Amino acid sequence: MTGKEDMGAENEARRQTTGRTAQERPTEPGGQEGVGRRADLPEGSLHIRRLCKRDAAEIAALERKIFGTPWSEKMVEDSIAHGEEERQGVSYAALGAFLSQAENSDLQSFLGSKKEQLVGYLFAMAAAGEGELHRIATAPSFRRQGIGDVLIEALFSWFSGLGEGGIWLEVRAGNKAAVSLYKKHGFLETGRRKNYYQNPTEDASIFVYH
């Protein structure tokens with residue numbers, strides 16, 4: 001697959017497999033940083049884990065802050081549930097980046113009594129040896145601290161045992177920070193979708209990582 005038409009056919013096949021449409025799972029990346037650095041995060045404080053149902057409300061709140069077409073809490077819950085199962089040869093990823101506080105941690109004053117704070121997340125799927133990134137976002141107050149880099153690395157790690165094909169994604173053509181992040185990690189632009197996004201209307205750039 002090398003162009004927009006081939007990518008469209010591939011996505012359509014996946015939507016038939018999962019029963020979900022682009023409107024149900026818009027692939028607009030949110031709040032991604034173009035430069036990876038973690039200078040403001042205490043060492044060892046960031047970790048990745050699978051999302052679970054108790055995370056849905058917090059993710060939905062971030063969706064409303066970040067995206068013009070946010071996922072509802074029910075959509076988030078469904079995507080998390082998919083991440084806990086594999087069906088008909090389709091695998092799902094529902095991963096969150098969290099800050100956690102250890103004893104005497106510099107984060108104690110920020111986290112209070114909470115053990116961890118959600119600072120980013122992603123949703124993706126893999127089928128027929130290829131992957132598709134559905135959603136990736138960084139909390140607004142934690143941008144430009146390398147969290148997007150960590151999430152992309154987690155995506156690669158998850159997909160490494162699932163296929164030898166590419167990982168596909170769409171991004172707003174004007175989202176320079178997200179485009180920079182993807183290019184930094186080896187994604188290549190293969191085409192455009194005219195007026196793919198709403199609120200505001202904008203083209204989508206199609207990227208793939210091999």
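Which residues touch the most other members of the largest nonpolar core? The points below address this and further features of the predicted model.

1. **Nonpolar core.** Leu-51, Tyr-121, Leu-122, Phe-123, Tyr-182 and Phe-187 touch the most other members of the largest nonpolar core, which holds 44 residues. At least two residues of this core are supplied by each of the helices H2 (56-66), H3 (73-82), H5 (147-159) and H6 (176-184), and by each of the strands E3, E4, E5 and E6. Helix H5 gives the most, with eight residues. In soluble globular proteins, nonpolar side chains tend to be buried together.

2. **Overall architecture.** The protein chain contains six helices and eight strands. Read from the N terminus, the order of elements is α-β-α-α-β-β-α-β-β-α-β-α-β-β. The chain has 210 residues, of which 51% count as buried.

3. **Salt bridges in general.** Nine salt bridges are present in the structure. Side chains of opposite charge can pair when their charged atoms come close. Three of these pairs are described in the points that follow, together with a network.

4. **Arg-49 and Asp-55.** A salt bridge joins Arg-49 to Asp-55, with 2.9 Å between the closest N and O atoms. Both partners are buried: Arg-49 as well as Asp-55.

5. **Glu-202 and Arg-172.** In the salt bridge between Glu-202 and Arg-172, the closest N and O atoms lie 3.1 Å apart. This pair connects distant parts of the chain, since Glu-202 belongs to strand E8 (residues 202-209) and Arg-172 to strand E6 (residues 167-172), with the two positions 30 residues apart in the numbering. How do the two partners stand with respect to solvent, buried or partly exposed? Glu-202 has a relative accessible area of 21% and is therefore partly exposed. Arg-172, at 7% relative accessibility, counts as buried.

6. **Asp-203 and Lys-194, and the network.** Asp-203 forms a salt bridge with Lys-194, in which the closest N and O atoms are 4.0 Å apart. Salt bridges with shared partners also unite Arg-49, Asp-55 and Glu-116 in one network. Within the Asp-203 and Lys-194 pair, Asp-203 counts as buried because its relative accessibility is 18%, whereas Lys-194 counts as exposed because its value is 61%.

7. **Gln-117.** Where is Gln-117 placed? Gln-117 is located in strand E4 (residues 116-127). Its relative accessibility is 13%, so Gln-117 counts as buried. The side chain of Gln-117 makes a polar contact of 3.3 Å with the side chain of Glu-58.

8. **Backbone at Asn-199 and Pro-200.** The peptide bond leading from Asn-199 to Pro-200 is cis, and its omega is near 0°. Pro-200 is placed in the loop between strand E7 (188-197) and E8, and Asn-199 is found in the loop between E7 and E8. Asn-199 also has a positive phi, near 55°, although the residue is not glycine. With a relative accessible area of 52%, Asn-199 is exposed. Most residues other than glycine have a negative phi, and most peptide bonds are trans. A reviewer may wish to inspect this segment with that background in view.

9. **Backbone at Ala-128.** What is the sign of phi at Ala-128, positive or negative? The phi of Ala-128 is positive, near 55°, in a residue other than glycine. Ala-128 lies in the loop between E4 and strand E5 (130-138). Ala-128 counts as exposed because its relative accessibility is 76%.

10. **Largest pocket.** The largest pocket holds about 150 Å³ of space. Which residues line the largest pocket? They are Arg-50, Gly-83, Glu-84, Glu-85, Glu-86, Ser-91, Tyr-92, Ala-93, Ala-94, Leu-95, Trp-158 and Leu-162. Strand E3 (residues 90-100) contributes the largest share of this lining, five residues. Sorted by class, the lining comprises six nonpolar, two polar and four charged residues.

Technical notes
Residues numbered from 1 in each chain as written. Predicted model: local features only at pLDDT ≥ 70, side-chain atom pairs only at ≥ 80, totals over all residues. Heavy atoms only, no water. Helix = DSSP H or I, 4+ residues; strand = E, 2+ residues; numbered from the N terminus. Buried < 20%, exposed > 50% of the residue type's maximum accessible area, 1.4 Å probe, protein only. Polar contact = N/O pair within 3.5 Å; in protein donor to acceptor, adjacent residues only side chain to side chain. Salt bridge = Lys/Arg side-chain N within 4 Å of Asp/Glu carboxyl O. 1 Å grid on protein atoms, 1.4 Å probe; cavity = no way out; pocket = protein on both sides within 12 Å on 5 of 7 lines; lining within 4 Å. Points joined across faces, edges and corners; volume = space filled by probe spheres on them. Nonpolar A, V, L, I, M, F, W, Y, C, P; charged D, E, K, R; others polar. Core = buried A, V, L, I, M, F, W, Y, C linked by side-chain atoms within 4.5 Å.
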